[in-house]
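Work through the following exercises with the model open beside you, and try each task before reading its solution.

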Amino acid sequence: MIAITGRPGKPMSTGFEDIVITAPTSVAYTRFSNESAHWWLLAALRDMLAGAGLRPADIDGLTVSSFTLHPDSAVGFTQHAGLSLGWLEHLPMGGASGVIALRRAARAIQCGDASIVACLSGDTNQLDSFRQTLSRFSHFSNDAAWPYGSGGANGYFALIADHYMRRFGIARETFGQIAAAQRSNALSYPHALMKTPLSVEQYLDARMIASPLGLFDCVMPCAGAESFMVMRADMAHRLGLPAVRPLAIIERHNGFAEDPVQFRGGWTYDRDQLWQRAGCAPADMDFVQTYDDYPVISLMQLEDLGFFEKGAGDAFIAGHDLTCGGSFPHNTSGGQLSVGQAGAAGGFLGIVEAVRQLTGSAIGAAVPNARRALVSGFGMVNYDRGVCSAAAVLERANQPATAARHPTTTESEAAA
């Protein structure tokens, strides 16, 4: 168990008591793909339904997150998938999409608008996909950066990382410790594209990309898909599906807009509410999954969610083992830094991995006796900040006496 001090008061009712997450599904990542985003999303949907023993007609709610689905949206995707739905949500919120999809799907079920919601994410990575995504990602970013000859995320996050390091005196070695531990976790994770061990020394010696960010600070774009289902606990029990309960979920958009450059995120607004509603504290988490497009953002999430004080990252990271068997298991699949960033699917990777870990179905190294976890998301960077933040506290639900079916992971070769 993670050794952090502090406990909240009496838990509050959140309306999630009878809601569960189940059927975590991954379509194995590849560096490049000639298939469309539709192919990846359909493959995830097909494999998730097969793993849960359901038919397309059983799904009455859907969330879709994808950058390369354009010009289609979730609406157009329903026709490709042959789905007739009573509830639909398109979530273009990048790395926060997974947690927000969970929150909104849970509320839709709680309100009676849907009974089974499939939460899908996926992107292709064709030879020109990344350039096209950047060119239409954000007018705000384009207007701010293009006059200076920079139009990519590395430059934006270099600005954030430099400001953060100067403000709090954080050393690059701390970022290297995060990246190296995640690479260690990735070595046993079958979908990870990075399979060579990484040391802190190698991290520091790697070529600079956009100072202070080096090669191993940056995620590698790839193609892939991640998905999960949200339903009531009794339905998951009838289907024989191992499941996880969301104890509390928060989301915030454009937090701290007054900060000239981002050094904190919207999690701080709602952190106390998150732990109060969950009825537990950072000390009770058995592992943590942060959105890790760059190590500085992982550090920011850990601070803002109460695992240590602002600016204390050097000492905290140096004092903990971040691998699956360590004192502070973090990004147990390897995270995007070692698995790869499959576009919007990167925002779902943490939830999918957390559900597997908590249900005893990890496909890589397992965190021993894991019962609770925190998953946080961060997304939609507009030049000097990410404007979406979210977090969820998850707990292992009572498992069916006999699990008739199991969540799936696949290396799909055909579309659904």
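**Exercise 1. Determine whether Phe157 is buried or exposed, and describe its surroundings.**

Step 1. In this predicted model, Phe157 has a relative accessibility of 2%, and it therefore counts as buried, where buried means under 20% relative accessible area, exposed over 50% and partly exposed in between (1.4 Å probe, protein chains only).

Step 2. Phe157 lies in helix α6, residues 153–168; helices (H or I, at least four residues) and strands (E, at least two) are DSSP runs, numbered from the N terminus.

Step 3. Leaving aside neighbours within four places in sequence, Phe157 is in contact with Leu213, Asp293, Tyr294, Ile297, Phe378 and Val381, a contact being heavy atoms within 4.5 Å.

Step 4. Phe157 and Ala210 are 53 residues apart in sequence, while their C-alpha atoms are 8.6 Å apart in space.

A note on conventions: residues are numbered from 1 along each chain as its sequence is written. The model being predicted, local features need pLDDT of at least 70, side-chain atom pairs count only at pLDDT 80 or more, and totals for chains, interfaces and linings use all residues, while side-chain values use heavy atoms, with hydrogens and water left out.

**Exercise 2. Find what the side chain of Gln301 reaches, and at what distances.**

Step 1. Place the residue: Gln301 lies in helix α11, residues 295–304, and because its relative accessibility is 0%, it counts as buried.

Step 2. List its partners: not counting residues up to four places away in sequence, Gln301 touches Trp267, Thr290, Tyr291, Ser376, Gly377 and Phe378.

Step 3. Examine the polar atoms: the side chain of Gln301 reaches the backbone oxygen of Tyr291 at 2.7 Å, and it makes a polar contact with the side chain of Ser376 at 2.6 Å. A polar contact is a pair of N or O atoms within 3.5 Å; within protein, one must be able to donate a hydrogen and the other to accept it, and residues adjacent in sequence count only if both atoms are side-chain atoms.

Step 4. Compare sequence with space: Gln301 and Ser376 are 75 residues apart in sequence and 7.3 Å apart from C-alpha to C-alpha.

**Exercise 3. Describe how helices α3 and α14 meet.**

Step 1. The axes of α3 (residues 97–110) and α14 (residues 346–358) come within 6 Å and cross at roughly 65 degrees; axes are lines fitted to C-alpha atoms, for helices over the stretch in contact, and angles run from 0 to 180 degrees between N-to-C directions.

Step 2. On the α3 side, Ser97, Gly98, Val99, Ala101 and Leu102 meet Gly347, Phe348 and Ile351 of α14.

Step 3. The residues of this contact divide into five nonpolar, three polar and no charged, where Ala, Val, Leu, Ile, Met, Phe, Trp, Tyr, Cys and Pro count as nonpolar, Asp, Glu, Lys and Arg as charged, and the others, Gly among them, as polar.

**Exercise 4. Locate the cis peptide bonds before Pro71 and Pro212, and the positive phi values of Asn331 and Asn369.**

Step 1. The bond from His70 to Pro71 is cis, with omega near 10 degrees, and Pro71 lies in the loop between β2 (61–65) and α2 (74–81).

Step 2. The bond from Ser211 to Pro212 is likewise cis, with omega near 10 degrees; Pro212 sits in the loop between β5 (208–210) and β6 (213–214).

Step 3. Asn331, in the loop between α12 (313–318) and α13 (335–339), has phi near 45 degrees and is buried, with a relative accessible area of 2%.

Step 4. Asn369, in the loop between α14 and β10 (372–381), has phi near 55 degrees, but at 73% relative accessibility it counts as exposed.

**Exercise 5. Decide where the coordinates call for caution.**

Step 1. The mean pLDDT of the protein chain is 91, and 86% of its residues reach 70 or more; pLDDT is the predictor's confidence in each residue, from 0 to 100.

Step 2. Over residues 3–9 pLDDT stays under 50, and over residues 402–407 it also stays under 50.

Step 3. Where pLDDT is low, the predicted coordinates should not be read in detail.
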